Structure formats: C-alpha cells, structure tokens
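Colleague: Thanks for making time for this model. Could we go through it together, question by question?

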Amino acid sequence: MKKENPLIDKSLLFAARIVKLHKYLTKDKKETIIAKQIVRSATSIGANANEAIYGISKPDFIAKLQISLKETAETEYWLRLLVLSEYITKKEGDSLLKDCLEIKKILVSTLNTSKENK
C-alpha cells in the first residue's frame, strides 16, 4: 500500500488545476505566453518534489525541494499577474493562490526539518 505524501498529493492536484487553467487561457482568452510560463512552473513543483523522494543523498533531496520552492514562488508570481491583468478573477486567483501557498508552507517546513537533521 502506498504511503500518503501530502506534498506530492497536493502538488499533483494543483498541477492538474493549472493545466485546466492553461487550457482556459489559451482557448478562451487567447493568452499563450503567461499560460505557458505558469504551466511550466506549476507542474515543475510536483515533478521536482517527486524526484526528491528518490534522491541519491540528503543534499540531493534538499536541492530538489529547493527547486520546487523556487518554482512555487514563480507560480505565485504568475497567478498574481493573471489576476492583475484580469485574465482570471480575483476569486479564481485567490483559490489557486491558496493552494500554491499551502504547498509553499509544506516545502518550507520540510526543508527546514531536513536542514536541521543534516
């Protein structure tokens, strides 16, 4: 039986939401540049976190999670820009941003614990 991992689970669900957002932005809003950027950064969060689990060492694990954290910050930026440029509503942006910030908190906590236990 697979052990639950909140970071992996939440980042995968978040990435799926962003893929749907990408679809909406490109088809309905005809916006491709920001859509491409946000789908790249948001899907990278979970991909790097998942890769960290299989890291070859503790420093490798930490490095992959640091990349996830950087991608989370970039995704947060794109979400804020999409709201400010009125491609998505504040309500839509706040919902996505809430998920993004929750993932960010998990990453920061995991990184702090991992660095303390080095």
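Colleague: What radius of gyration does the protein chain have, set against a compact globule with 118 residues?

Modeller: Keep in mind that this is a predicted model. A compact globule with 118 residues would have a radius of gyration near 13 Å, and the value for the protein chain agrees with that. The C-alpha trace spans about 45 × 25 × 25 Å along its principal axes. The radius of gyration of the protein chain is 15 Å.

Colleague: Good to know. Which pattern does the protein chain follow along the sequence?

Modeller: There are four helices and zero strands in the protein chain. The helices include α1 (6-27) and α2 (33-53), and also α3 (58-84) and α4 (90-116). Read along the sequence, the pattern is α-α-α-α.

Colleague: What percentage of contacts between residues at least 6 apart in sequence join residues at least 24 apart?

Modeller: The count covers contacts in the protein chain, with heavy atoms within 4.5 Å. Among those between residues at least 6 apart in sequence, the share joining residues at least 24 apart is 74%.

Colleague: Now the surface, please. What percentage of the accessible surface belongs to carbon and sulfur atoms?

Modeller: Buried residues make up 36% of the 118 residues in the protein chain. The accessible surface of the chain comes to about 7500 Å². Of that surface, the part belonging to carbon and sulfur atoms is 58%.

Colleague: And the charges: how far apart are the mean positions of the positive and negative ones?

Modeller: The protein chain has 22 positive and 15 negative charges. Their mean positions are separated by 1 Å.

Colleague: Let's turn to the loops. Is K30 buried or exposed?

Modeller: K30 sits in the loop between α1 and α2. Most residues other than glycine have a negative phi. K30 is not a glycine, yet its phi is positive, at about 55°. Its relative accessibility is 64%, and the cut-off for the outermost class is over 50%, so K30 counts as exposed.

Colleague: What is the phi of E86?

Modeller: E86 is found in the loop between α3 and α4. With a relative accessible area of 64%, E86 is exposed. Although E86 is not a glycine, its phi is positive, at about 65°.

Colleague: Y87 caught my eye as well. Which residues does Y87 touch, not counting those up to four places away in sequence?

Modeller: Y87 lies in the loop between α3 and α4, and at 27% relative accessibility it counts as partly exposed. The C-alpha atoms of Y87 and I34 are separated by 9.9 Å, with the two positions 53 residues apart along the chain. Not counting residues up to four places away in sequence, Y87 touches Y24, L25, K29, E31 and L82.

Colleague: On to the helices. With which residues is Q66 in contact, leaving aside neighbours within four places in sequence?

Modeller: Q66 lies in helix α3 and is partly exposed, with a relative accessible area of 27%. Q66 and Y24 are 42 residues apart along the chain, and their C-alpha atoms are separated by 30 Å. Leaving aside neighbours within four places in sequence, Q66 is in contact with L111 and K115.

Colleague: Is S114 buried or exposed?

Modeller: S114 has its place in helix α4. Not counting residues up to four places away in sequence, S114 touches K58, F61 and I62. The relative accessible area of S114 is 8%, and the cut-off is under 20%, so S114 is buried.

Colleague: And L97: which residues does L97 touch, not counting those up to four places away in sequence?

Modeller: L97 is placed in helix α4, and at 12% relative accessibility it counts as buried. L97 and E51 are 46 residues apart in sequence and 24 Å apart in space, C-alpha to C-alpha. Not counting residues up to four places away in sequence, L97 touches E76, L79 and R80.

Colleague: One last topic, the aromatic rings. Is the pair of Y77 and W78 stacked or edge-to-face?

Modeller: The structure holds one aromatic pair, formed by Y77 and W78 with 5.0 Å centre to centre. W78 counts as buried, at 15% relative accessibility. The planes are at 70°, and an angle over 60 sets the class, so the pair is edge-to-face.

Conventions. Residues are numbered from 1 along each chain as its sequence is written. This is a predicted model: local features need pLDDT of at least 70, side-chain atom pairs count only at pLDDT 80 or more; totals for chains, interfaces and linings use all residues. Side-chain values use heavy atoms; hydrogens and water are left out. Rings of Phe, Tyr and Trp (its six-membered ring) pair if their centres lie within 6.5 Å; planes under 30 degrees apart count as stacked, over 60 as edge-to-face and the rest as tilted. Buried means under 20% relative accessible area, exposed over 50%, partly exposed in between (1.4 Å probe, protein chains only). Helices (H or I, at least four residues) and strands (E, at least two) are DSSP runs, numbered from the N terminus. The radius of gyration is taken over C-alpha atoms; the globule rule is 2.2 Å times the number of residues to the power 0.38. Accessible areas come from the Shrake-Rupley method with a 1.4 Å probe; for residues, only the protein chains shown count as cover. Lys and Arg count as positive and Asp and Glu as negative; His and the chain ends are not counted. The place of a charge is taken as NZ of Lys, CZ of Arg, CG of Asp or CD of Glu.
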